[in-house]
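Q: I have a new model open and would like to learn how to read it properly. Could you walk me through it, feature by feature?

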Amino acid sequence: MPMSHLMTDANRGVAEKLLKWTEDLSTGIGVIDDQHKELFKRVNSLLSSMSQGKGKEQVAAVLGFLSDYVVTHFGTEEQYMGAHGYPGLQAHKGEHASYVEKLSRLRERFDREGQSSLLAIESQRLLVDWWLNHIGKTDKALGAFLKAKGI
Ligand SMILES: [Fe+2]
Ligand SMILES: [Fe+2]
């Protein structure tokens with residue numbers, strides 16, 4: 001099978017699995033939920049530009065646009081945790097730091113290698129699965145704690 005077909009198949013897989021915000025992902029904290037919705041928009045625009053085979057510069061720009069907002073968002077949650085004495089702060093911050101690290105490695109690889117089907121599949125894990133898992137467990141636990149504090 002020519003390489004172009006492999007890439008098309010892999011990219012189609014990415015395109016099918018966009019992030020969708022649903023009520024079961026709500027943390028109960030409006031500011032955090034709104035930021036998650038914005039993050040999903042930015043992740044989806046990255047996935048779309050990858051699956052549409054947009055140029056390297058354009059994909060790199062969308063990747064940067066996402067990375068900036070990731071930093072903003074993690075900062076917001078960490079501020080909440082610090083201000084309210086959240087006992088899970090260190091572990092939660094650790095997950096954030098590890099994500100920032102992975103995202104920056106993805107950016108480096110993309111700059112070096114450009115788009116490939118393998119990168120598309122690996123990105124999927126980082127861009128879709130990670131968020132659903134982190135919000136579903138770690139952020140929801142933070143939300144429940146903040147709610148109990150009357151935030
Ligand atoms: Fe978080
Ligand atoms: Fe979050």
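The dialogue below goes from the overall fold to a helix pair, the cores and some single residues.

Q: Happy to start simple: how many helices and strands are there in the protein?

A: Let's begin with a word of care, as this is a predicted model. The protein has five helices and zero strands. Read from the N terminus, its elements run α-α-α-α-α.

Q: What share of the contacts with a separation of 6 or more comes from residues 24 or more positions apart?

A: Here, residues 24 or more positions apart provide 75% of the contacts in the protein with a separation of 6 or more. As for burial, 19% of the 151 residues in the protein are buried.

Q: How do I read the span of a single helix, say α4?

A: Compare its end-to-end reach with what is expected at 1.5 Å a residue. Helix α4 covers residues 89-113, 25 residues in total, and reaches 36 Å from first C-alpha to last, close to the expected 36 Å. Just after α4 comes G114, with a positive phi near 75°.

Q: Now for pairs. How is the packing of two helices described?

A: Two numbers do it: the angle between the axes and the distance between them. Take helix α2 (residues 30-51) and helix α5 (residues 117-148): their axes come within 11 Å and cross at roughly 175°. Angles over 145 degrees count as roughly antiparallel, so α2 is roughly antiparallel to α5.

Q: Which residues of α2 and α5 make the contact?

A: From α2 come I32, H36, V43, L46, L47 and M50, and from α5 come A120, S123, L127, W131, I135, D139 and G143. By type, the residues of this contact are nine nonpolar, three polar and one charged.

Q: Is there a general reason for spacings such as those along one helix?

A: An α-helix has 3.6 residues a turn, so residues three or four places apart point the same way. Keep that in mind when you look along either partner in the viewer.

Q: Which residues make up the largest nonpolar core?

A: That core has 11 residues in all: L19, L39, V43, L46, L47, M50, L63, A120, L127, W131 and I135. Both α2 and α5 supply at least two residues each, and α2 gives the most, with five. Apart from this core lies another, of six residues, including I29, I32, Y80 and L142.

Q: What does W131 contact, leaving aside its neighbours within four places in sequence?

A: On that count, W131 is in contact with L19 and V43, and L19 and V43 also belong to the largest nonpolar core.

Q: Is L39 buried or exposed?

A: The idea is to count the other C-beta atoms within 10 Å, with 20 or more meaning buried. L39, which sits in helix α2, has 20 such atoms and is therefore buried. Not counting residues up to four places away in sequence, L39 touches Y69 and H73. L39 and W21 are 18 residues apart in sequence, with 9.9 Å between their C-alpha atoms.

Q: And which residues give me examples outside the buried class?

A: Try L132 in helix α5: with 13 other C-beta atoms within 10 Å, L132 is partly exposed. Its C-alpha is 8.3 Å from that of L19, although the two are 113 residues apart in sequence. Then go to K20, in the loop between α1 (3-16) and α2. K20 has 10 C-beta neighbours inside 10 Å, so K20 counts as exposed. K20 and K41 lie 21 residues apart in sequence and 8.8 Å apart in space, C-alpha to C-alpha.

Q: Where is K149 found?

A: K149 belongs to the segment after α5. With 12 C-beta neighbours inside 10 Å, K149 counts as exposed. Its C-alpha lies 8.1 Å from that of H84, a residue 65 places away in sequence.

Technical notes
Residues numbered from 1 in each chain as written. Chains lettered and ligands numbered in written order. Predicted model: local features only at pLDDT ≥ 70, side-chain atom pairs only at ≥ 80, totals over all residues. Axes fitted to C-alpha atoms, helices over the stretch in contact; angles between N-to-C directions. Helix = DSSP H or I, 4+ residues; strand = E, 2+ residues; numbered from the N terminus. Parallel < 35°, antiparallel > 145°, perpendicular 65-115°, else oblique. Contact = placed C-beta atoms within 7 Å. Nonpolar A, V, L, I, M, F, W, Y, C, P; charged D, E, K, R; others polar. Core = buried A, V, L, I, M, F, W, Y, C linked by C-beta atoms within 7 Å. Expected span 1.5 Å × (residues − 1).
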